[in-house]
Every structure is written in structure tokens, then in C-alpha cells.
Amino acid sequence: MFTIISAGIAPGFALLSYFYLKDEYEKEPLKEVFRIFLLGMIMVFPIMFIQYVLEKEQVLLLDSVKAFTTGFLEEFFKWFIIYFTIYKSMEFDEHYDGIVYGVSISLGFATAENILYLLGNGIKYAIGRAILPVSSHALFGVIMGYYIGKAKFMKRDEHHPWMFYSLVFPILLHSLYDYILLKEKVWLMIIIPFMVFLWWLALKKVKKAKHNQLHYRKVTDIFYRDSGG
């Protein structure tokens, strides 16, 4: 039991540490990061219940519908929790913070899901799940967090498109990921290049968020210096 739980937790914590330490400036309080991580873990249970009801009602018969429904539910709940728990917080004060919180809630969800899966199916799946489901959730979180961070520092009348992107892009990518996995005959040939693409896209967003963060700091420093602050 301890071995399975450790194997279920380890990849999530490793990936969260990686993206957290990428923040070279003012790191987010660990208390807040862990709180969002826990909310992500708790989120697993209502989503599992909703999916169970939909399957019993035979709503998810087509692979495309099942993939989109799963992607929509999981990414919408993540987005909803970030927006209503941390988005307006004073701790969320830099562009890269969106990525930290996006990854945190995503990996909280992925970690709880991973533990439940390993408990039911055995530790032999631990490496495969670390490479695919856990890391993909982290990458969806990076993309969501990038656009949420972008929206946070736009003018009030300009932030809506970025909030829209922060929800739509992760849903589309997550749905496509799930749809690939449902295609049993060809999924392995497609999922590898797709994961490479996800890592490339996520790391590109990380680099861009750090650049925007540095630019924002420079502009703020110039403003305070010129104003005598």
C-alpha cells in the first residue's frame, strides 16, 4: 500500500517542483501552492461521479463525445477553482504565477487519479502513467496558467479573450489527448509525437511567461524610479 501511494504521488511532486523552481523571481508561498494542489485532489471525486452518471445514462457512447466530455469536465473544474480561489488574490502578482497555480491544481487532480488507478490496477502501471496521464495534466496546466497569467495583467476590457483561451485551449488539447488514447490500434504511434508537441508548447509558454514577467518588472521599476517611489 505504502509503495503504491508513494509511486502515485512521486511524479506529481517531481513535476510540480520542476515548474515551481522555474520561477526565478518571487516564488509563490508554498502554503498557497499546496492548498491549490489539495483542491485539485478533492476535485477528482465530483468529476468521477459526474462521469459515472453520464456513462450509466449512456451519454458517452461515441469516442469523440467521451473524449470531449472528459476534457471539458476536468479542465473546466480546474479553471473554475483557479479563478474563484486564487486569481484575485494578492499572491497572484506576476505572469508566471498563473503557470504555478495551473500546474498545481492539475497535478493535484492527476496525483489523486493516479493513486486510485494504481490501487485498483497495480504498481506495474506506475511508469506509464507518470509519462502520460500525470505529465499531460501538468502540461495542460501550464497552458491554462499561461493564459490566465496573461489575462491577469491586461486592462479590464482586454482580459476576456485571454480568459477564454485559458479555458478553450486546454479543453481542446485534453480532448484530443483522450481521443488518441481511445484509438487502441494506432494510439501509440500518435501519442508519442503528440506528447513531444505538448512539451514543446508548454516549455515555450514557460519561457514566454518568464520573459513577460521580467519585462513587467523592468517597467514597474522604471515607473517607481521616475515617480520618485
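In this predicted model, helix α1 bends by about 25° at Ile-9, and a proline, Pro-11, follows within four residues. Helix α1 covers residues 2-21, and because each of its 20 residues is expected to add 1.5 Å, the helix should span 28 Å, which agrees with the 27 Å that separates its end C-alpha atoms. Several residues of α1 are buried, among them Ile-4, Ala-7, Gly-8, Pro-11 and Gly-12, and the list continues with Leu-15, Leu-16, Phe-19 and Tyr-20. An α-helix has 3.6 residues a turn, so residues three or four places apart point the same way.

**The nonpolar core**

One of these buried α1 residues, Phe-19, is also among the residues with the most contacts inside the largest nonpolar core, together with Ile-99, Leu-107, Ile-148 and Leu-198. This core has 52 residues, and at least two of them are supplied by each of α1, α2, α3, α4, α5, α6 and α7, the last of these helices covering residues 187-226. Helix α5 gives the largest share of the core, with 12 residues.

**The largest pocket**

The largest pocket has a volume of about 1000 Å³ and is lined by 31 residues, of which Tyr-117, Arg-129, Pro-133, Asp-178 and Leu-181 lie nearest its centre. Two or more lining residues come from each of α2 (30-56), α3 (63-85), α4 (95-121), α5 (126-152) and α6 (160-182), and the largest share, 7 residues, comes from α5. The table shows how the lining divides by kind of residue.

| Kind of lining residue | Number in the largest pocket |
|---|---|
| Nonpolar | 17 residues |
| Polar | 7 residues |
| Charged | 7 residues |

**Two single residues**

Which sign does the phi of Gln-58 have, although it is not a glycine? The phi of Gln-58 is positive, at about 60°. As a general background, most residues other than glycine have a negative phi. Gln-58 is found in the loop between α2 and α3, and because its relative accessible area of 54% is over the 50% cut-off, Gln-58 counts as exposed.

Lys-204, by contrast, lies in helix α7, and its relative accessibility is 45%, which means that Lys-204 counts as partly exposed, since this value falls between the cut-offs of 20% and 50%. Along the chain, Lys-204 and Ile-190 are 14 residues apart, and their C-alpha atoms are separated by 21 Å.

Note on methods: Residues numbered from 1 in each chain as written. Predicted model: local features only at pLDDT ≥ 70, side-chain atom pairs only at ≥ 80, totals over all residues. Heavy atoms only, no water. Expected span 1.5 Å × (residues − 1). Bend = angle between axes of the 7 residues up to and from the residue. Buried < 20%, exposed > 50% of the residue type's maximum accessible area, 1.4 Å probe, protein only. 1 Å grid on protein atoms, 1.4 Å probe; cavity = no way out; pocket = protein on both sides within 12 Å on 5 of 7 lines; lining within 4 Å. Points joined across faces, edges and corners; volume = space filled by probe spheres on them. Nonpolar A, V, L, I, M, F, W, Y, C, P; charged D, E, K, R; others polar. Core = buried A, V, L, I, M, F, W, Y, C linked by side-chain atoms within 4.5 Å.
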